[in-house]
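Dear colleague,

I am passing on the structure below, together with some notes on what turned up when I went through it. Please look at it first, and then read on.

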Amino acid sequence: MHRTGELFGQYKTMEQQRETASLGMWVFLSTEVLFFGGMFMTYTLNRSTYPDIFSEASKTINLWLGAVNTIVLIASSLTMAMAVWSSQVGKKKLLTIFLVATLILGCVFLGIKSVEYHEKYVEHHIPGWNYQFEPGADVSTNAHTQLFFSLYFAMTGLHALHMIVGAGLLLWLIRQSIRGRFTPEYNTPVENIGLYWHFVDIVWIFLFPLLYLIDRH
Amino acid sequence: MVYITLISLFFGVAITAAIVYFFFKYRRTHPEQLGVPIHGDMRLETAWIVVPALLAMTMFAWGAVVYVDYRRAPIDTLDIYVIGKQWMWKAQQPTGLKEINELHVPVGRDVKLILASEDVIHDFSVPAFRVKMDVVPGHYNTMWFRPTKVGRYHFFCSQYCGTNHSLMGGWVTVMEPTDYAAWLSGASEGNENPVLAGEKLFADKACITCHLSDGRGRAPSLNGVYGAKVLLADGSTVTADEGYIRESILDPKAKIVAGYQPLMPSFQGQMTEEQILNLTAYIKSLQSQPVPATGSGIAPATGKK
Amino acid sequence: MPREHYLNATYGIRSWLLTTDHKRIAMLYLVSVTFFFFIGGAFATMIRIHLLTPTGLLVTPETYNKLFTMHGVAMIFFFLIPSIPAVLGNFLLPIMIGAKDLAFPKINLLSWYIYLIGGGFVLYSFSTGGLDTGWTFYTPLSSVYSNSAVTPAVIGVFINGFSSILTGLNFIVTVHTMRAPGMTWFRMPLFVWAQYATSIIFILGTPVIAITLLLAGMERMFHLGFFNPALGGDPILFQHLFWFYSHPAVYIMILPAMGVISEIIPTFARKPIFGYSFIAGSSIAIAVIGFFVWAHHMFLTGQSTYSALAFSLLSYLVAIPSAVKVFNWTSTLYKGSISYDTPMLYALGFIGLFLIGGLTGLFLACLGLDIHIHDTYFVVAHFHYIMVGGAVMGYVGGLHFWWPKITGKLYPEFLARVAAVILFIGFNLTFFPQFLLGYLGMPRRYSSYPPEFQVLNVMSTAGASILALGYLLPMIYLTWSMRYGKVAGRNPWPATGLEWQTDSPPPTENFDVTPEVTWEPYDYENRPDLGLAIEGAPTHAHGDD
Amino acid sequence: MSEHQSEHHIVSPTIYFVIFGVLMICTILTVVAAEIDLNQYFGGLNIIVALTIAVFKASLVVLFFMHAKYSPKRTQMVIVASIFWLGIMLFMTMSDYVSRLWS
């Protein structure tokens with residue numbers, strides 16, 4: 001990996017190297033859009049087939065945990081954006097502080113998420129594992145709410161996996177940042193991991209209304 | 001068909017001929033020779049974009065007409081239920097006569113097959129009639145044909161369905177209508193009548209306790225419901241066909257009839273496709289029964305279509 | 001003291017397994033896709049032998065199902081999709097645009113390892129019980145009913161998807177940011193355009209199959225119901241998602257081959273390609289329109305009639321850019337200076353076979369006809385004409401074309417021509433009878449069949465034995481030539497591309513000095529450096545106009 | 001082309017904080033909107049409102065936090081392409097299911 005931000009052999013200028021890395025990240029994110037897209041497609045069809053059941057199932061997940069998590073994650077996006085800004089203007093200390101803040105917020109998100117998962121476990125709402133929507137629910141209600149929870153776990157699970165990867169990347173960034181590796185001339189890793197982090201945030205911005213807020217009234 | 005073949009043959013032969021001709025005509029005669037630098041020609045490019053596009057549209061149109069006709073069955077058909085399961089076909093004639101890996105139909109009559117699967121996706125295919133249709137678990141597909149010649153024809157399972165996929169076939173026997181009638185009555189003895197079987201199920205599964213025929217039960221009367229438009233709780237209407245009846249048995253909450261509570265339990269996993277067909281046959285037989293003034297799900301005939 | 005080049009720059013197994021040189025990674029891919037080609041080929045051989053008799057000659061129906069499934073999985077996911085992009089594309093794309101390497105050399109190596117891991121899972125599935133779902137993995141057969149080793153296979157294909165994605169990512173970024181001075185978009189070789197179009201599909205299609213197989217795999221492992229009707233899911237949704245990728249995947253296989261052909265034809269006709277911008281544009285058009293046609297695999301699943309009409313219409317539209325390419329290639333031959341070198345034989349064979357494959361596609365896109373020929377041997381013949389007649393002919397032709405550049409050696413020309421002709425004849429004998437079988441109604445994926453289909457099946461098997469010989473020959477003489485072949489020189493054909501400006505084999509950094517491009521593509525007329533007849537001399541045998 | 005876009009835009013923190021504020025307001029708005037039965041006015045209005053807010057929030061993140069507003073054209077093209085392709089998948093697939101009910 002980059003040690004000092006030197007120019008790699010295949011590039012002619014630092015500028016070219018920076019732009020190439022940035023474009024690469026964006027192309028990667030476009031792949032991610034379609035990767036999550038397949039799940040959103042599955043969700044869309046199933047929700048349009050079973051609108052009432054989905055609404056009923058959605059009401060059993062904890063809205064407030066979800067809402068707090070949304071705020072936490074957006075706040076982490078803000079600190080990430082500030083971290084990128086710090087690296088651009090060369091404030092090395094501030095950069096480290098914002099990166100650490102982002103990491104902490106990310107961990108808070110994952111912590112709250114695991115509390116939610118535990119709630120689901122207690123309620124027997126984990127698909128394929130002693131699943132029971134509510135005592136006395138009939139076969140089709142059980143099957144169709146289970147579809148909702150399958151999607152809930154698949155989508156939030158994949159999202160959480162991305163968060164964990166992001167947290168790992170942040171750890172590496174923090175280490176490099178403490179060593180003072182990043183300068184206004186060389187901050188590509190900060191910017192690119194920032195892009196990734198914001199993308200994960202965007203996925204959540206859609207997951208929140210689609211999973212937690214189905215006709216709550 | 002002939003049309004597409006001819007056009008394809010024309011282009012296939014013309015281009016191949018051109019290649020072969022150029023290949024020999026313009027072969028390199030001395031090692032340093034160059035080709036004539038021709039970079040392109042807008043008129044040619046336009047021509048070979050527009051002309052194939054137009055030809056393709058005519059092919060599309062022909063195919064579309066055939067397909068739309070195939071997907072929309074005529075009104076007065078002989079309805080036969082066909083159930084696919086790994087790895088056999090069960091057919092059920094309107095009289096309830098059941099056949100396995102055999103299908104008897106009268107010549108000159110429009111036959112509609114209503115296809116259901118017990119397990120995986122199958123496909124009912126009769127090459128001689130140029131028809132096939134996937135048999136998808138979870139919903140009904142239909143196909144229709146009109147046999148024109150007496151005889152015996154292969155049918156196959158055409159969608160890969162597991163180990164004995166290639167053994168999942170049989171014969172369609174096309175008979176003169178009189179022979180068909182004779183065959184039906186001759187072979188029918190000892191076979192369960194689907195309407196009677198359905199009526200028995202209707203009682204055994206306790207449907208009868210709510211779906212009172214006079215419309216005073218906790219569920220709508222089913223008299224005359226088959227083929228009618230049903231008014232739903234959300235204000236929309238739906239035609240009560242086989243698919244709707246099946247869905248209402250397996251997933252009653254999906255479409256609640258206006259004015260009724262979602263009380264009915266789901267029978268998912270508790271009935272075979274065959275039992276569902278029998279129930280459907282019974283409900284169909286109620287078509288001619290008097291419809292009560294209230295307590296029927298049938299949408300009132302308003303000015304709407 | 002021999003000149004230093006990418007092959008002899010460093011030695012030892014580590015220098016290969018840890019290389020970031022795109023040329024060496026291409027060689028690693030060459031070895032691994034050839035391995036999978038022969039695995040898939042072995043399955044194909046057994047299939048054809050088995051079908052000699054109506055009751056099946058060789059194996060039980062269960063084993064037969066595994067044979068055609070594993071043939072499909074090995075050939076499609078582990079040979080056809082990576083073949084041209086990851087071997088020829090990897091080797092040539094940076095050289096063709098005058099770069100020292102791909103934009104992300106380490107990611108390039110990573111994608112090879114991902115390919116190996118995916119391949120490992122799939123081989124594990126093959127060797128522990130096999131796989132009998134069909135390469136299409138249709139649910140609920142794959143997710144509930146099959147008793148074979150579906151889970152590792154699904155994981156393998158899932159993992160392998162990321163290899164494709166990373167390759168596509170690398171190519172797209174490289175084309176955007178790494179071009180040499182003067183290498184404008186419309187000076188790029190058509191092979192690069194084709195790779196670019198292919199990469200679009202890699203990037204935007206592959207993730208969908210990845211997530212779909214992941215969902216199907218979870219459905220199998222945890223008994224979930226996404227695509228299982230017994231639990232409220234919809235098996236047709238699986239098909240939609242599957243074909244959203246897998247139809248464009250057909251273009252992943254054929255587009256790069258079209259790119260190869262677009263390089264070979266002008267070289268051996270020694271004239272600029274006819275309608276450069278139309279060929280370039282049609283590659284992009286195919287990649288984009290190709291995403292709008294997938295449900296033509298599903299006309300008979302009970303999809304809505306309206307939707308079927310739309311997909312049929314769009315399927316006809318995607319035929320147009322392919323036709324444009326064929327017309328342009330043919331016109332390029334007109335008044336050329338055509339030689340009969342091996343790559344040219346492959347290129348012309350490609351056009352002929354692709355023509356048949358493409359035209360029969362019109363039959364299948366036709367709604368009314370598809371009712372009859374859907375899921376029959378007609379389909380099997382059609383896609384083999386495209387994938388084997390098209391993609392593999394392009395790949396083998398491309399290997400011959402660039403072999404002197406890759407290895408620095410010439411292969412035995414006469415043997416190579418013989419092999420090309422054998423392949424062409426063997427291929428047609430194998431697959432043309434299958435069109436007739438399909439039209440007569442023989443369904444695909446049958447381990448036994450009614451006796452009336454036997455004659456055509458025997459013909460097909462006979463053809464297949466010739467075809468198999470046709471594949472063994474190049475394998476042998478190409479390997480032989482690496483050691484004993486004549487030294488090739490920089491530009492044996494001669495061709496106009498940048499890759500022919502550097503040594504054969506190229507040095508590790510591709511060029512000693514970064515080239516500057518001042519000429520248009522395939523412009524033989526203004527290239528005195530090629531040492532061919534130039535202005536004034538008796539240039540054109542066919543007169544000027 | 002790549003050579004010409006050497007200017008690197010730096011977004012000021014003020015903008016970040018303003019965007020953050022708007023995102024917070026939108027989050028509260030979407031929760032509140034979900035608690036009100038909007039479907040009584042217009043079928044499916046609840047989900048329309050929820051998704052409109054989500055798209056708005058996502059656009060803000062892309063444009064400002066991710067600097068797409070200040071990025072080169074080709075980056076913006078990548079973004080548009082990915083959304084377009086997602087649209088193809090959703091639209092073409094759902095058109096099958098929706099039009100099945102017509103006939």
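A definition will help before the notes on strands: two strands count as paired if DSSP finds at least two bridges between them, and strands are themselves DSSP runs, numbered from the N terminus. Please also keep in mind throughout that this is a predicted model.

I begin with the sheets of chain B. In one of them, 5 strands make up an open sheet whose order is 4-10-9-6-7, and the pairing in this sheet is mixed. At its edges lie strand 4 (102–106) and strand 7 (131–135) of chain B, each of which pairs on one side only, and from one strand to the next the twist averages 20°. Strand 7 of chain B is joined to strand 6 (residues 122–126) of chain B by 5 bridges, and these two strands run antiparallel. Within that pairing, F124(B) has M133(B), in strand 7 of chain B, as its bridge partner. As general background, the strands of a sheet pair through backbone hydrogen bonds, in either a parallel or an antiparallel way.

Chain B also has an open sheet of 5 strands in the order 3-2-1-5-8, again with mixed pairing. Here the edge strands are strand 3 (98–100) and strand 8 (141–145) of chain B, each pairing on one side only, while the twist averages 25° from one strand to the next. Between strand 2 (residues 88–92) and strand 3 of chain B there are 3 bridges, and the two strands run antiparallel; K90(B), for its part, has I100(B) in strand 3 of chain B as its bridge partner.

Turning to chain C, how do helix 2 and helix 3 of chain C cross? The axes of helix 2 (residues 22–50) and helix 3 (residues 61–96) of chain C come within 7 Å and cross at roughly 155°. Because angles over 145 degrees count as roughly antiparallel, helix 2 of chain C is roughly antiparallel to helix 3 of chain C. The crossing of helix 2 of chain C with helix 3 of chain C is left-handed, and the residues of their contact divide into 25 nonpolar, 6 polar and 1 charged.

Finally, a word on how the chains meet. There are 5 pairs of chains that touch, and among these the most contacts are between chains B and C. Chain B and chain D, by contrast, are joined by no contact, and their closest C-alpha atoms lie 9 Å apart.

With best wishes

Methods:
Residues are numbered from 1 along each chain as its sequence is written. Chains are lettered from A and ligands numbered from 1 in the order in which they are written. This is a predicted model: local features need pLDDT of at least 70, side-chain atom pairs count only at pLDDT 80 or more; totals for chains, interfaces and linings use all residues. Two residues are in contact if their C-beta atoms, placed from the backbone, lie within 7 Å. Helices (H or I, at least four residues) and strands (E, at least two) are DSSP runs, numbered from the N terminus. Axes are lines fitted to C-alpha atoms, for helices over the stretch in contact, and angles run from 0 to 180 degrees between N-to-C directions. Angles under 35 degrees count as roughly parallel, over 145 as roughly antiparallel, 65 to 115 as roughly perpendicular and the rest as oblique. A crossing is left-handed if the near helix is turned anticlockwise from the far one by less than a right angle, and right-handed if clockwise. Ala, Val, Leu, Ile, Met, Phe, Trp, Tyr, Cys and Pro count as nonpolar, Asp, Glu, Lys and Arg as charged, and the others, Gly among them, as polar.
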